[in-house]
Amino acid sequence: MQIINGIIHAVKQKQQEIAESMVSGRFANFESYQRYVGLHMGYADALEIINHLLEEKDSNDDKL
């Protein structure tokens, strides 16, 4: 479980870095901005998948 928590923490940290860059306007052009928006959305999807898998595991453990 420590590994999963580490992954979640790292992904959230990357999302925070992207959000800070977006707020401060550190992008050279619109394409760079779009790339980082896509990355942020990808990280959000990854977190959603991890959470879903953890919920499935918890519900399966409850059935045992």
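**Close-up 1. One salt bridge in a predicted model.** The count comes to 1 salt bridge here (a side-chain nitrogen of Lys or Arg within 4 Å of a carboxyl oxygen of Asp or Glu). This is a predicted model, in which local features need pLDDT of at least 70 and side-chain atom pairs count only at pLDDT 80 or more, while totals for chains, interfaces and linings use all residues. Residues are numbered from 1 along each chain as its sequence is written, and side-chain values use heavy atoms, leaving out hydrogens and water. The two partners are glutamate 17 and lysine 14, with 3.9 Å between their closest N and O atoms. Both sit in helix H1, residues 2–24 (helices are DSSP runs of H or I, at least four residues, numbered from the N terminus). They are 3 residues apart there, about one turn of the helix. Glutamate 17 has 38% relative accessibility, so it counts as partly exposed (buried is under 20% relative accessible area, exposed is over 50%, partly exposed is in between, with a 1.4 Å probe and protein chains only). Lysine 14 is partly exposed as well, at 41%.

**Close-up 2. Glutamine 15 in helix H1.** Now look at glutamine 15, which also belongs to helix H1. Is this residue buried or exposed? Glutamine 15 counts as buried, because its relative accessibility is 14%. Follow the chain for 35 residues and you get from glutamine 15 to isoleucine 50; in space, their C-alpha atoms are 15 Å apart.

**Close-up 3. Aromatic rings around phenylalanine 27.** How many aromatic pairs does the structure hold? There are 3 of them (rings of Phe, Tyr and Trp, its six-membered ring, with centres within 6.5 Å; planes under 30 degrees apart are stacked, over 60 edge-to-face, the rest tilted). Phenylalanine 27 and tyrosine 33 make an edge-to-face pair, because their planes meet at 80°, with ring centres 5.7 Å apart. Phenylalanine 27 also pairs with tyrosine 36, and this pair is tilted: 45° between the planes and 5.2 Å from centre to centre. Put Phe30 into the picture and you have one aromatic cluster, made of Phe27, Phe30, Tyr33 and Tyr36. As for cover, phenylalanine 27 is buried at 18% relative accessibility. Tyrosine 33 is partly exposed, with a relative accessible area of 33%, and tyrosine 36 is partly exposed at 28%.

**Close-up 4. Serine 32 and tyrosine 33 in helix H2.** Serine 32 is found in helix H2, and so is tyrosine 33. Serine 32 is partly exposed, with 24% relative accessibility. Its C-alpha atom is 30 Å from that of asparagine 5, 27 residues away along the chain. For tyrosine 33 and glycine 6, also 27 residues apart along the chain, the C-alpha separation is 27 Å.

**Close-up 5. A negative patch with aspartate 62.** Which residues form the negative surface patch? They are Glu55, Glu56, Asp58 and Asp62 (patch residues have over 30% relative accessible area and no salt bridge, and like charges are joined within 9 Å). The place of a charge is taken as CG of Asp or CD of Glu, and both residue types count as negative. Aspartate 62 is part of helix H2, which covers residues 30–63. Aspartate 62 is exposed, its relative accessible area being 67%.

Note on methods
Patch = residues over 30% accessible without salt bridge, like charges linked within 9 Å, V, L, I, M, F, W, Y side chains within 5 Å. Areas by Shrake-Rupley, 256 points an atom, 1.4 Å probe, with all protein chains shown as cover. Helix = DSSP H or I, 4+ residues; strand = E, 2+ residues; numbered from the N terminus.
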